[in-house]
Amino acid sequence: KKKFQNKTTFSLSNSFHMSKPKLLLTNDDGISAPGIISLIEKLNKEDKYDIRVSSPAEEQSAKGHSVTINRLLTAKRYHLSEPNHDVIAWSIDGTPADCVKVVLNSNLFGDWRPDLVVSGINKGSNSGMNIHYSGTVGASREALMCGYPSVALSLAFVYNAISLEFDTAALKSCEIIDSIINSLEENRDYLSKHIINVNFPNTTEDKIKGWKLTKQGGSFFKDYYFEDNVNVIDTDENGSPSTITFKLKGKMMFDENETIEHDTFAVDKNWISVTPLSLYYESHDTLEFFDSLNFLSNDDDDDDQNNNDN
C-alpha cells in the first residue's frame, strides 16, 4: 500500500473501509475556538465517525505537556450549537493533556475509547523548536503515552492576517484523518510511537501545493520581555516599583539552514507539512558519541546485565 509518493511529498490513500471509527477531539485554544468548531462541523457532516470532544474550558496555549496534579479537575457538559448539537462534548478546567488523560483513564465517556485522538485545529503553527511549548502537541503526546495514536493539527498564520482559513484546514484535516484511520491496523505499532504533526498554510485550497513529508526544523520565536507597569501599586521607600510585571513578546525566526524538507519552511511555501514526531527523545548518534568519550564507563555494567539475564 503506497503511503508516500516520494521522499518529500505525502500521498493520501483514497480507500476507506472501516465503519464509524471513534475520534476524540481536543485542542489548546479552548472548546469554543473556531479551529475545533470548524473541524467538528466538517467531520460531523461527513458522518463517518463517532465523535466525542474533551477540550479546555479556556485557552491553554503554550502549556506544553503539563498536567494538573495539585487540585481537582472539573468537567462540565458542553452543548455545541447547530449543526453539531448531537456531538457529546465536555469542557475541562485543565490543560490539553488533562483533557486527553481524563478521558482515557476514567469513565467520563463510559467504556468508550477512541481509535484516534485528534488535537486541533490550533490557531498558529506548531513547528520547529516551538513544538516543545505546544499544548496541541502535548495533548497528542499524552494520547500516545496512554496507548492511543494521535494527530496534531495547526493552522499557520501571521498576526496581521486578514482572515484565517480554518474551513480549508478542516477540509484537509478530514483527508489525513481518513488516511490515518485507514492505515491503523497495518501500522499500529509505528503510529502508537509517533505523533503525526500537521501544519497547514493559511491560504485557500486552490493555492495549497500539496502534502509534504518534512523534518522538524530549527525555526523559533525570538523572545523578549518588556515591563508592563501601567498601574504601579507597590513601591518602595524611594518611590520605585517593588513589584514589576512583564509581558512576553516574540517574533518567528527562520533557521537559515532550513530547506523545503523542513516543516516551517515548507508551510511558508504553501505546502501542508506532515512531520512524524517520536515519543522517545533519545538520539542514537549522540549516545554513540558520549559512549566514545568513555567518561561514563563502568566495569560493573556486564555484571548487572548478567544478573538481569539470570
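Lysine 48 and aspartate 178 form a salt bridge, with their closest N and O atoms 2.6 Å apart. That pair ties together distant parts of the chain, since lysine 48 sits in the loop between H1 and strand S2 (50-56) and aspartate 178 in helix H4, 130 residues apart. Keep in mind as you look around that this is a predicted model. Here is a short tour, starting with the charged pairs and ending at the surface.

**The lysine 48 and aspartate 178 pair**

- Lysine 48 has a relative accessible area of 27%, so this residue counts as partly exposed.
- Aspartate 178 counts as buried because its relative accessibility is 13%, and buried means under 20%.
- The pair also belongs to something wider: Glu46, Lys48 and Asp178 are linked in a network of salt bridges.

**Other salt bridges to look at**

- The structure holds 12 salt bridges, and two more of them are described here.
- Aspartate 167 pairs with lysine 42, and the closest N and O atoms of this salt bridge are 4.0 Å apart.
- Here too, distant parts of the chain are linked: aspartate 167 lies in helix H4 (residues 166-191) and lysine 42 in helix H1 (residues 34-46), 125 residues apart.
- Both partners are partly exposed, with a relative accessible area of 48% for aspartate 167 and 25% for lysine 42.
- Lysine 101 forms a salt bridge with glutamate 142, where the closest N and O atoms are 3.1 Å apart.
- This pair connects helix H2, home of lysine 101, to helix H3 (residues 135-145), home of glutamate 142, across 41 residues of the chain.
- Lysine 101 is partly exposed at 35% relative accessibility, whereas glutamate 142 is buried at 3%.

**A buried aspartate without a salt bridge**

- Helix H2 (residues 96-104) also contains aspartate 98.
- What is the nearest side chain of opposite charge to aspartate 98, and how far away is it? It is arginine 71, at 5.6 Å.
- Aspartate 98 is buried yet has no salt bridge; the distance to arginine 71 is 5.6 Å, and a salt bridge needs the nitrogen within 4 Å of a carboxyl oxygen.
- The side chain of aspartate 98 does reach a backbone partner, the nitrogen of threonine 95, at 2.9 Å.
- Leaving aside residues up to four places away in sequence, aspartate 98 touches Val67, Thr68 and Leu73.

**A nonpolar patch on the surface**

- Tyr225, Ile244, Phe246 and Leu248 form a nonpolar patch on the surface, and together they have about 440 Å² of accessible area.
- Where does isoleucine 244 sit? This patch member is found in the loop between strand S9 (220-227) and strand S10 (246-253).
- Isoleucine 244 counts as partly exposed because its relative accessibility is 41%, and patch residues need over 30%.

**The protein as a whole**

- The secondary structure comes to 7 helices and 11 strands.
- Of the 310 residues in the protein, 43% are buried.
- Among contacts with a separation of 6 or more, 78% are between residues 24 or more positions apart.
- The accessible surface comes to about 17300 Å², and carbon and sulfur atoms account for 48% of that area.

Definitions and conventions:
Residues are numbered from 1 along each chain as its sequence is written. This is a predicted model: local features need pLDDT of at least 70, side-chain atom pairs count only at pLDDT 80 or more; totals for chains, interfaces and linings use all residues. Side-chain values use heavy atoms; hydrogens and water are left out. Helices (H or I, at least four residues) and strands (E, at least two) are DSSP runs, numbered from the N terminus. Buried means under 20% relative accessible area, exposed over 50%, partly exposed in between (1.4 Å probe, protein chains only). Lys and Arg count as positive and Asp and Glu as negative; His and the chain ends are not counted. A polar contact is a pair of N or O atoms within 3.5 Å; within protein, one must be able to donate a hydrogen and the other to accept it, and residues adjacent in sequence count only if both atoms are side-chain atoms. Contact means heavy atoms within 4.5 Å. Accessible areas come from the Shrake-Rupley method with a 1.4 Å probe; for residues, only the protein chains shown count as cover. Patches are made of residues with over 30% relative accessible area and no salt bridge: like charges are joined within 9 Å, nonpolar side chains (Val, Leu, Ile, Met, Phe, Trp, Tyr) within 5 Å.
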